[in-house]
Amino acid sequence: MRNVFAVAGKELRAYFHSPIAYLVMTVYAGLCGFFFYSFTATYVMQSFRMQAMGGMGAPPMSLNEYIIRPLLAGVLTVVLLLLVPLITMRLYAEEKRSGTIELLMTSPLTDLQIILGKFLGALALYAVLIAVTFFYIGILFVYGNPNAKPLLAQILGLLVYGAALLALGMWFSTLTKNQIVAGVIAFAVFLLLFVLDWVTAYSTGTAGRVISYMSLTTHFDNFAKGVIDLSDVVFYFSVTFMGIFLTARSVEALKGRA
Amino acid sequence: MIEVAGLTKRYGPTLAVSDVSFEVQKGEVLGFLGPNGAGKTTTMRVITGYLAPSEGRIRVAGYDVVDEPLEAKRRTGYLPETPPVYPDMTVTEYLAFVARIKGVGRREIKKRIEEVSEKCAVTDVQRRQIGKLSKGYRQRVGLAQALIHNPDVLILDEPTAGLDPKQIIETRELIKGLAGQHTVVLSTHILPEVSKTCQRVLVINTGKIVASGTPDELTHRLQGYETVLLTVEGPAAEIMDKLQRVIGVNVVEPREAADSRVTFEVHAEKGRDVRAELARAVVESQWKLLELKTSGLSLEDIFLKLTTKDLSEESAAKDLPSALGSDLEEKSPASEN
């Protein structure tokens with residue numbers, strides 16, 4: 001475990017020693033802030049309109065339903081989909097290019113320790129992004145009183161969703177020496193897995209349901225509502241394990257070639 | 001300390017290392033000598049556990065690198081051809097990270113960093129970012145990294161490549177200083193390096209060991225005669241015949257021929273200087289002596305001889321007669337008559 005943390009710490013430090021962490025955080029905070037603002041503005045306009053139409057007796061519009069849920073499920077999952085490749089692309093590609101992979105692989109570490117260390121390091125940076133999201137959502141608590149309970153499911157959802165993306169992205173990073181290539185592959189695959197849901201929007205057959213099941217973002221819907229469905233957790237965990245397993249296979253293959 | 005038995009490594013269909021076996025004793029400095037692409041780096045990468053061998057067994061400090069990789073790696077320090085440094089870390093941060101992953105105890109880390117920094121003369125740049133250091137410093141940081149866990153075995157892949165002459169001398173001194181406490185295997189394609197730092201040399205070419213021994217042994221084994229090169233303008237066959245008759249000359253071989261100039265390689269008895277005799281023989285016959293020089297067989301020549309053996313034999317057999325023209329062979333019986 002000490003070895004895993006040593007590698008994880010090194011990865012996290014590398015993010016903050018290079019522009020990557022700051023770039024990703026800035027882009028994310030900017031987009032997150034923009035969408036948060038636009039959802040809040042819409043919410044304010046609509047609730048004014050409701051009041052003007054004389055709906056005085058009706059319950060106030062839910063902040064959870066009109067701001068937090070669309071913000072997370074509709075927008076941030078897609079933003080993260082695009083930012084995760086920036087986090088994962090360097091994990092192995094950079095070490096392969098600079099030759100530092102030789103240091104790691106000739107040290108008394110198991111492959112799995114290296115992989116988990118890298119994964120945890122990337123997950124830590126991702127968690128910082130998630131913290132930014134909840135900083136915005138916290139503002140709602142200052143000026144309104146949204147329901148706090150769904151937040152737990154939403155945080156958990158974003159974390160398992162991110163873990164799945166990060167594990168896959170890490171695998172793509174083992175396939176090449178070129179960070180850009182690793183990033184573009186991850187980006188393309190994530191986008192494809194995201195739009196799978198659109199393709200099958202009007203099909204009701206078994207194939208359609210299977211493809212829809214594979215879409216990365218559909219499994220997030222329940223979390224966004226504040227519901228933790230075990231099948232969604234299992235889905236994201238399976239993808240994470242698959243990513244880690246494929247990374248391990250790919251690292252093993254490095255020893256055979258060069 | 002290191003036992004390599006029947007090591008073979010294939011990359012797909014290409015054979016990088018073929019059935020290499022050798023042993024290195026504790027405290028010995030062994031040099032791998034060979035041209036680029038001979039299989040030195042591959043052999044080292046297999047010993048360090050970076051690559052898996054296709055065939056063969058490798059033991060480091062008694063541990064099989066395939067079956068017990070962690071134990072073997074714990075006892076191995078490795079400096080690859082390009083130092084495996086993270087450019088955005090400072091030297092101290094880097095060494096601390098390496099110490100942690102190499103399993104140095106938490107309390108000893110600080111002490112070890114000080115020790116290796118001093119040994120490798122990087123103490124004055126400890127706080128600087130590695131990416132901003134010169135190549136020489138980076139190499140030394142790489143060496144410090146290899147030493148941080150005080151390994152029994154040190155594998156150094158071209159430790160002096162890319163350094164300036166002063167740094168090269170310093171690095172060699174450092175390596176010599178490591179012998180005894182550590183078992184060192186280093187690779188190089190620079191010859192003087194081997195004779196200056198290694199007690200034993202393995203010459204590797206195209207994945208096979210072609211010679212081994214101390215630098216002196218290798219020199220003696222291959223240098224059984226004195227060599228003189230001379231370039232003369234005149235009829236090749238006659239000149240050859242004349243040179244052949246000079247006392248002390250064993251073999252005369254034509255090397256190059258351009259227009260009417262021919263360069264001969266003359267092998268004479270060991271310890272005999274035949275230059276004056278050769279010059280007289282040429283001048284007496286009214287040929288033009290253009291160049292005359294001794295060519296002692298240096299380690300360089302031995303190296304070339306060993307690593308291009310097939311080539312030179314073939315060229316001696318085929319290329320030269322055709323280059324000189326078959327007239328040489330036709331004329332030589334005539335000159336005898």
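Which residues of helix α4 (residues 90–98) of chain A are buried? The legends below start there and then move through the rest of this predicted model.

**Figure 1. Helix α4 of chain A and its buried residues.** In this close-up, look for Arg90(A), Leu91(A), Tyr92(A), Ala93(A), Glu95(A) and Lys96(A), which are the buried residues of the helix. The cover over these buried residues includes α2 (19–52), α3 (63–88) and α5 (100–105) of chain A. It also includes α6 (111–143), α7 (149–174) and α8 (179–199) of chain A. Just after the helix comes Gly99(A), with a positive phi near 90°.

**Figure 2. Helices α8 and α9 of chain A packed together.** Two packed helices are described by the angle between their axes and the distance between the axes. For α8(A) and α9(A), the latter covering residues 206–214, the angle is about 145° and the axes lie 7 Å apart. Their crossing is left-handed. If you would like to find the contact yourself, start on α8(A) with Leu193(A), Leu196(A), Asp197(A) and Val199(A). These residues meet Ile211(A), Ser212(A) and Met214(A) of α9(A). Sorted by class, the contact has 5 nonpolar residues, 1 polar and 1 charged.

**Figure 3. The side of chain B that touches chain A.** Here 22 residues of chain B are in contact with 20 residues of chain A. On the chain B side, the elements that give two or more residues are α2 (69–74), β6 (76–79) and α3 (91–101). Of these, α3(B) gives the most, with 4 residues. The residues on this side of chain B are 12 nonpolar, 5 polar and 5 charged.

**Figure 4. Chain A, an array of helices.** Stepping back a little, you can count 11 helices and 0 strands in this chain. Its C-alpha trace spans about 75 × 45 × 30 Å along the principal axes. Of the 258 residues in chain A, 39% are buried. Among contacts in chain A between residues at least 6 apart in sequence, 80% join residues at least 24 apart.

**Figure 5. Chain B, with both helices and strands.** How many helices and strands does chain B have? Its secondary structure comes to 13 helices and 14 strands. Buried residues account for 40% of the 337 residues in chain B. Of the contacts in chain B between residues at least 6 apart in sequence, 68% join residues at least 24 apart.

Terms used:
Residues are numbered from 1 along each chain as its sequence is written. Chains are lettered from A and ligands numbered from 1 in the order in which they are written. This is a predicted model: local features need pLDDT of at least 70, side-chain atom pairs count only at pLDDT 80 or more; totals for chains, interfaces and linings use all residues. A residue is buried if 20 or more other C-beta atoms lie within 10 Å of its own, exposed if 12 or fewer, and partly exposed in between; C-beta atoms are placed from the backbone. Two residues are in contact if their C-beta atoms, placed from the backbone, lie within 7 Å. Ala, Val, Leu, Ile, Met, Phe, Trp, Tyr, Cys and Pro count as nonpolar, Asp, Glu, Lys and Arg as charged, and the others, Gly among them, as polar. Axes are lines fitted to C-alpha atoms, for helices over the stretch in contact, and angles run from 0 to 180 degrees between N-to-C directions. A crossing is left-handed if the near helix is turned anticlockwise from the far one by less than a right angle, and right-handed if clockwise.
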